[in-house]
Amino acid sequence: MSISSYVGAVFFSAGVLIEESNPSCLMERRLGLRTAPEEDEGTCLDASRWAGVPTRALCSELGALRPLPGVRETAAWCWDHRLLPVIATTEWAPIGAYLAELLGFHSYTGAALEARGGLFTGRGTAPVGAAHHCAMAVRRAADLGLRPEDCAVVSADGTDAPLFDVVGCGVAFNAPPEVRCRSTATVDDEDLRAVIPALERMAPRGSTGVRR
């Protein structure tokens, strides 16, 4: 099925896909790039920390991430109902790329982290703020031939607040009050498949297709 056959996209934050919060901070701690817990406050991304780190070291640590129950099934449901599942995250882009491949998502957004010759250079884009994150998702929708109102977002992250305001459906999943108040649906569950009923209104009636 071609991309033009899909009628919408669902943007998922990384935080609703894996059991660990702040995967960028987690990876940096495991690689010795952060040494004190207080460094996680504010989740500030700094590409310079990564200078000289082998890309294979990150890949090795990413293998320890634990997906939430129902993530792959939820992505499969999106594909089957003509909705493209996209990871839209403020995390480092290599983490989004890894999760998209592992979990069966169409694509991802994130903060770029440059690598050359198998090593990270310490250069990358600036940390992705809320407004920039929303703009990236809107551009990704346009790249897919979609309007923001054709899309949904599933998140518990306050950074997604501007995105909740422009998409057609916003699902707050195990989210704090400041996210819930911007959403069109709230879901509390340990399995991501619990968001599917909230997303059903975005899918064409009777739609079931062949994935990719």
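Buried residues account for 49% of the 212 residues in this protein, and the model they come from is a predicted one. Eight helices and eight strands make up the secondary structure. As for how the chain folds back on itself, 63% of the contacts with a separation of 6 or more are between residues 24 or more positions apart. On the outside, the accessible surface comes to about 9500 Å², and 50% of that belongs to carbon and sulfur atoms.

What sits in the interior? Nonpolar side chains tend to be buried together in soluble globular proteins. Here the largest nonpolar core has 46 residues, and F12, L17, W50, F105, V154 and L192 are the members that touch the most others. Take F12, at the end of strand β1 (8-12). Leaving aside residues up to four places away in sequence, F12 touches L17, T74, C78, P85, V86, I87, A88, F105, V154 and L192. That list includes L17, F105, V154 and L192, which are also among the core members with the most contacts to other members. A second core, separate from this one, holds 20 residues, including Y6, A9, L146 and V179.

Cysteines come up next. The disulfide count is zero. Among the cysteines, C25 is buried, at a relative accessible area of 0%, and C169 is buried too, at 1%.

Aromatic pairs come to three in the model. One of them brings together Y6 and W79: the ring centres are 5.6 Å apart and the planes stand at 80 degrees, so this pair is edge-to-face. Y6 belongs to the segment before β1 and W79 to helix α3, so the pair ties together parts of the chain 73 residues apart in sequence. Both rings are out of reach of the probe for the most part: Y6 is buried with a relative accessible area of 5%, and W79 is buried at 2%. Another pair joins W50 and F120, with centres 5.2 Å apart and planes at 75 degrees, so it also counts as edge-to-face. W50 lies in the loop between α1 and α2, while F120 is in strand β5 (residues 119-124), so parts 70 residues apart in sequence are tied together here. W50 is buried, at a relative accessible area of 1%, and F120 is buried as well, at 5%. W50 thus turns up twice, once among the best-connected members of the largest core and once in this ring pair.Turning to charged side chains, the salt bridges number 11. How far apart in the sequence are R66 and E19, which form one of them? The nitrogen-to-oxygen distance in this bridge is 3.5 Å, and the two partners are 47 residues apart along the chain. R66 sits in the loop between α2 (55-62) and α3 (71-80), and E19 in the loop between β1 (8-12) and α1 (23-30), so by these element assignments the bridge links distant parts of the chain. R66 is partly exposed, with a relative accessible area of 46%, and E19 is partly exposed at 45%.

A second bridge runs between R49 and E28, where the closest N and O atoms are 3.6 Å apart. This pair also links distant parts of the chain, with R49 in the loop between α1 and α2, E28 in helix α1, and 21 residues separating them. Are the partners buried or partly exposed? R49 is partly exposed, at 25% relative accessibility, whereas E28 is buried, at 0%.

R180 and D188 form a further salt bridge, and here the closest N and O atoms are 2.5 Å apart. R180 is partly exposed at a relative accessible area of 27%, and D188 is partly exposed at 47%. Finally, some of the bridges share partners: E19, E20 and R66 are joined in this way into one network.

Note on methods:
Residues numbered from 1 in each chain as written. Heavy atoms only, no water. Disulfide = S-S within 2.5 Å. Buried < 20%, exposed > 50% of the residue type's maximum accessible area, 1.4 Å probe, protein only. Core = buried A, V, L, I, M, F, W, Y, C linked by side-chain atoms within 4.5 Å. Contact = heavy atoms within 4.5 Å. Salt bridge = Lys/Arg side-chain N within 4 Å of Asp/Glu carboxyl O. Helix = DSSP H or I, 4+ residues; strand = E, 2+ residues; numbered from the N terminus. Phe/Tyr/Trp six-rings, centres within 6.5 Å; stacked < 30°, edge-to-face > 60°. Areas by Shrake-Rupley, 256 points an atom, 1.4 Å probe, with all protein chains shown as cover.
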